[in-house]
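Hi,

Here is the structure I said I would pass on. Have a look at it first, and my notes follow underneath.

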Amino acid sequence: MAKRDEKAITPRGEDYSQWYQDIVLKAELADYSPVKGCMVIRPTGYALWEATQRALDGMFKETGHVNAYFPLFIPMSFLSKEAEHVEGFAKECAVVTHHRLSAKEGGGVEPSPDSVLEEPLIVRPTSETIMYAMYAKWIRSYRDLPLLLNQWANVVRWEMRTRLFLRTTEFLWQEGHTAHATHEESWEEVVRILDIYARFAQEWMAVPVIKGLKSESEKFAGALQTTCIEAMMQDGKALQAGTSHDLGQNFARAFDVKFQDEKGEWQHCWQTSWGVSTRLIGALIMAHSDDQGLVLPPRLASTQVVIVPIYKDDAGRARVLESAGALKSRLMEAGFGAVLDERDTVSPGFKFNEWEMKGVPVRLEIGPRDVDQGACVAVPRVPTRDLREGEKRQKETVPLERAPEVLRGLLDDIQKALFARALAFREERTWPVDDYADFRERIEGGGFFLGHWCGSGDCETRVKDETKATLRCIPFEAPAEAGKCLVCGGESPRRVIWARAY
RNA sequence: CGGGGCGUAGCGCAGCCUGGUAGCGCACUUGGUUCGGGACCAAGGGGUCGGAGGUUCAAAUCCUCUCGCCCCGACCA
């Protein structure tokens, strides 16, 4: 039987990058666009983002946040009001300098020379500046606090090298920006949001993450401190999946965001900002997918189950489709995202492979034999238990009337199995390391390395230069443990995570 | 911006070294047999060989220039 594609795809092999792109393109999640560095998100990919939005938005609202929207364009001068901020973003800003085109000699158009903007506008790389300019107007009293806003938007960062979903010139994200009366309160917010991100990653995406603090060199430009969640991809590299920043009073001072407290004294607000982006979709793909294609966690899959009818002739087709249609209705009424693949132009085998490639968590096969006994055959995209001897795929015959409850259980099992598998994968590739030479050798194979660190930027830089690994985070949940810095031998209070990253 | 690779049918590629007027697989169309893991047989349709210039009787093939894409690196809340 001829395979559709000769080229093998290997999640953990040398062609990991190619494998990843193959999945994105073949599962029709996204495509390259005419604009270099930007991607087109296709309906199947966008559905994942919508599911992400729904889930996160629910959690934000539960904790008192509301959505708003601020302009795409930011006056150039705004960016430079906070010194570290401008330094961090100046190198990757798209700048709008004209507001009109005019016909060019010899055809075509060009920016009209007489339409130069008085002040150039930058396309937002993030919205701290434009939002806080408004916060300064809106906040007057401690009674106006806390201000808890979130915005779903696109941002542009002119990165030198891009990769579908993981780092694109334009990307979609959510950015929350809050203002508080005290540092205690704002820090609580930072942690509250980081917890939401971790919960979403683990409970919805089934991607285990480590919560921690960024080092001085890795923190957000303009923040006091940056917290993050870090995940491990199937090539052993780390991916920062979300950040939550303690901005202190840095931006409040730069933008004059002040309030009068109960005693009538003017104080600068304590602020936070936090965000996750479409990069999460990349994380999802890289964490779970396999050589068969995309693997989606049931909680995020818009199509949770596909019904594939099997028949030999027109009479059989009518009979099977009747049962299959009733089954689909029953499942949809029970709240599942169900699709019935009625196509008569491709074989069942073709459908099996195609839906597996698209990552649909469960397939239900229904053929004449099943109709006779009022049943169907359930096949999960990934096994939820160890396969028996000689068993290629986990299959289970299910009476039609029990299909919803069996499906419910199967989807739950898949969700759990994916998380367990990803967690085991990470734990198998996480090691304590105390010898720098040993570390330099083993980092080549990927993985997380727990090493002591004295806290100096010099040691951090040296590791980066010599191993291409970076300090991913100082984990919150790591036990205090005195030791010697991996690099310089200086005093260290706890182990931190070193890894190569995306 | 450096290093490497690639532009030939909708997709994936061969042909180039050694010039002779374009081919394979998939997809597509038609007919038939199939259909519980990517079906088979037969007959078809489809190409400015990325672009420009040069060499030559003759260029996908050789030379020069150019445009674009991908990978690695530099860069990256």
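Let me start with alanine 206, which sits in the loop between α6 and β11 (210-213). Keep in mind throughout that this is a predicted model. Alanine 206 is not a glycine, yet its phi is positive, at about 60°. Its relative accessible area is 0%, so alanine 206 counts as buried.

The helix that alanine 206 follows is α6. That helix covers residues 183-204, 22 residues in total, and runs 31 Å from its first C-alpha to its last, close to the 32 Å expected at 1.5 Å a residue. Quite a few of its side chains are tucked away: the buried residues of α6 include Ser186, Glu189, Val190, Ile193, Leu194 and Ile196. Further along α6, Tyr197, Ala198, Phe200 and Ala201 are buried too. As background for reading that list, an α-helix has 3.6 residues a turn, so residues three or four places apart point the same way.

Two other backbone spots are worth a click. Phenylalanine 165 also has a positive phi without being a glycine, in this case about 70°. You will find phenylalanine 165 in the loop between β9 and β10 (170-180), and with a relative accessible area of 1% it is buried. Then there is a cis peptide bond, from leucine 145 to proline 146, with omega near -5°. Proline 146 belongs to the loop between α5 (128-138) and β9 (147-156).

Now for the helix packing. I have two pairs for you.

The first pair is helix α1 (residues 16-26) with helix α8 (residues 279-288): their axes are 10 Å apart and the packing angle is about 115°. Angles of 65 to 115 degrees count as roughly perpendicular, and α1 and α8 are therefore put in that class. The crossing of α1 and α8 is right-handed. On the α1 side, the contact is made by Tyr16, Trp19, Tyr20, Ile23 and Val24, while α8 brings Gly282, Ile285 and Met286.

The second pair is helix α9 (residues 314-333) with helix α12 (residues 403-428), whose axes come within 9 Å and cross at roughly 60°. That angle makes α9 oblique to α12. This crossing of α9 and α12 is right-handed. Here Leu327, Arg330 and Leu331 of α9 meet Ala403, Pro404 and Leu407 of α12.

I also looked at a couple of buried residues one by one. Leucine 48 is part of helix α2 (residues 43-62), and its relative accessibility of 3% means that it counts as buried. Setting aside neighbours within four places in sequence, leucine 48 is in contact with Leu29, Ile281, Leu284, Leu296 and Leu300. If you want a distance to check your numbering against, leucine 48 and leucine 72 are 24 residues apart in sequence and 24 Å apart in space, C-alpha to C-alpha.

Valine 433 is the other one. Strand β22 (residues 430-433) holds it, and valine 433 is buried, at a relative accessible area of 1%. Not counting residues up to four places away in sequence, valine 433 touches Asp438, Phe439, Phe449, Leu450, Gly451, His452, Leu486 and Arg495. For a longer-range check, valine 433 and serine 273 are 160 residues apart in sequence, with 34 Å between their C-alpha atoms.

Last topic, the cysteines. How many disulfides does the count come to? Zero. The cut-off for a disulfide is a pair of cysteine sulfur atoms within 2.5 Å. Take cysteine 454: the closest cysteine sulfur, in cysteine 488, is 3.6 Å from its own, which is too far for a bond. Cysteine 473 is in no disulfide either, as the nearest cysteine sulfur, that of cysteine 228, is 4.6 Å away. Are cysteine 454 and cysteine 473 buried or exposed? Cysteine 454 counts as partly exposed, at 26% relative accessibility, whereas cysteine 473 counts as buried, at 0%.

That is what I have for now.

Cheers

Key:
Residues are numbered from 1 along each chain as its sequence is written. Chains are lettered from A and ligands numbered from 1 in the order in which they are written. This is a predicted model: local features need pLDDT of at least 70, side-chain atom pairs count only at pLDDT 80 or more; totals for chains, interfaces and linings use all residues. Side-chain values use heavy atoms; hydrogens and water are left out. Helices (H or I, at least four residues) and strands (E, at least two) are DSSP runs, numbered from the N terminus. The expected span of a helix is 1.5 Å times one less than its number of residues. Buried means under 20% relative accessible area, exposed over 50%, partly exposed in between (1.4 Å probe, protein chains only). Axes are lines fitted to C-alpha atoms, for helices over the stretch in contact, and angles run from 0 to 180 degrees between N-to-C directions. Angles under 35 degrees count as roughly parallel, over 145 as roughly antiparallel, 65 to 115 as roughly perpendicular and the rest as oblique. A crossing is left-handed if the near helix is turned anticlockwise from the far one by less than a right angle, and right-handed if clockwise. Contact means heavy atoms within 4.5 Å.
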